[in-house]
Amino acid sequence: GTMNDKLFRTLLKRYEAEIEDAHYKIDCINDHSLVIPEHTDITGEVDTLLGKIGRAEEKLSVMRKYYGKKEAAQVL
C-alpha cells in the first residue's frame, strides 16, 4: 500500500510526541518533581508510561515497514 507524505509525517509526529511525552513524565517521576502525594503507585505509573512508549514505537515500526518511503524517513 501507499500512504501520502502528509499523512505519514503527521502520524510520525504523533507517535514521536507520545514517546517524548512519556519519557518526560518518567524523567519527572524519577527526579521526584512530579510525585503527587496521593499517587503512591509510582512503579505502576512508570509501567503504564513504558507501555505507551512501547505501543507508539510498535506503531512507528509497523508504519515504516508497510508504508515508509526512504525519502520521507530521511527528510524528518
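Reader: What makes a stretch of this chain a helix or a strand?

Author: Helices are DSSP runs of H or I with at least four residues, and strands are runs of E with at least two. The model discussed here is predicted. By that rule the protein chain has three helices and zero strands. From the N terminus on, the elements run α-α-α.

Reader: How do you know that H2 has the length expected of a helix with 26 residues?

Author: The expected span is 1.5 Å times one less than the number of residues. For H2 that gives 38 Å, and the distance from its first C-alpha to its last is 37 Å, which is close to the expected value.

Reader: Why is methionine 3 called buried?

Author: Buried means under 20% relative accessible area. Methionine 3 has 12% relative accessibility, so it counts as buried. Methionine 3 lies in the segment before H1. Its C-alpha atom is 8.0 Å from that of glycine 68, although 65 residues separate the two along the chain.

Reader: Why is tyrosine 67 called partly exposed?

Author: The class between buried and exposed runs from 20% to 50%. Tyrosine 67 has 33% relative accessibility and therefore counts as partly exposed. Tyrosine 67 belongs to helix H2. Together with Val62 and Tyr66, Tyr67 makes a nonpolar surface patch of about 290 Å².

Reader: Which residues of H2 are buried, and what do they pack against?

Author: The buried residues of H2 are Val46, Leu49, Ile53, Ala56, Leu60 and Met63. These buried residues pack against H1. An α-helix has 3.6 residues a turn, so residues three or four places apart point the same way.

Reader: What makes a set of residues a nonpolar core, and how many residues has the largest one here?

Author: The members must be buried nonpolar residues joined through side-chain atoms within 4.5 Å. The largest such core has 15 residues, and Tyr15, Leu60 and Met63 have the most contacts inside it. Helix H1 (5-30) and helix H2 (42-67) each supply at least two residues of this core. H1 gives the most, with eight residues. Leaving aside residues up to four places away in sequence, tyrosine 15 touches Ala56, Lys59, Leu60 and Met63.

Reader: What share of the contacts joins residues at least 24 apart?

Author: Contact means heavy atoms within 4.5 Å. Among contacts in the protein chain between residues at least 6 apart in sequence, 76% join residues at least 24 apart.

Reader: How much of the chain is buried, and how much area is exposed?

Author: Of the 76 residues, 22% count as buried. The chain exposes about 5,900 Å², of which carbon and sulfur atoms supply 53%.

Conventions:
Residues are numbered from 1 along each chain as its sequence is written. This is a predicted model: local features need pLDDT of at least 70, side-chain atom pairs count only at pLDDT 80 or more; totals for chains, interfaces and linings use all residues. Side-chain values use heavy atoms; hydrogens and water are left out. Buried means under 20% relative accessible area, exposed over 50%, partly exposed in between (1.4 Å probe, protein chains only). Patches are made of residues with over 30% relative accessible area and no salt bridge: like charges are joined within 9 Å, nonpolar side chains (Val, Leu, Ile, Met, Phe, Trp, Tyr) within 5 Å. Accessible areas come from the Shrake-Rupley method with a 1.4 Å probe; for residues, only the protein chains shown count as cover. A salt bridge is a side-chain nitrogen of Lys or Arg within 4 Å of a carboxyl oxygen of Asp or Glu.
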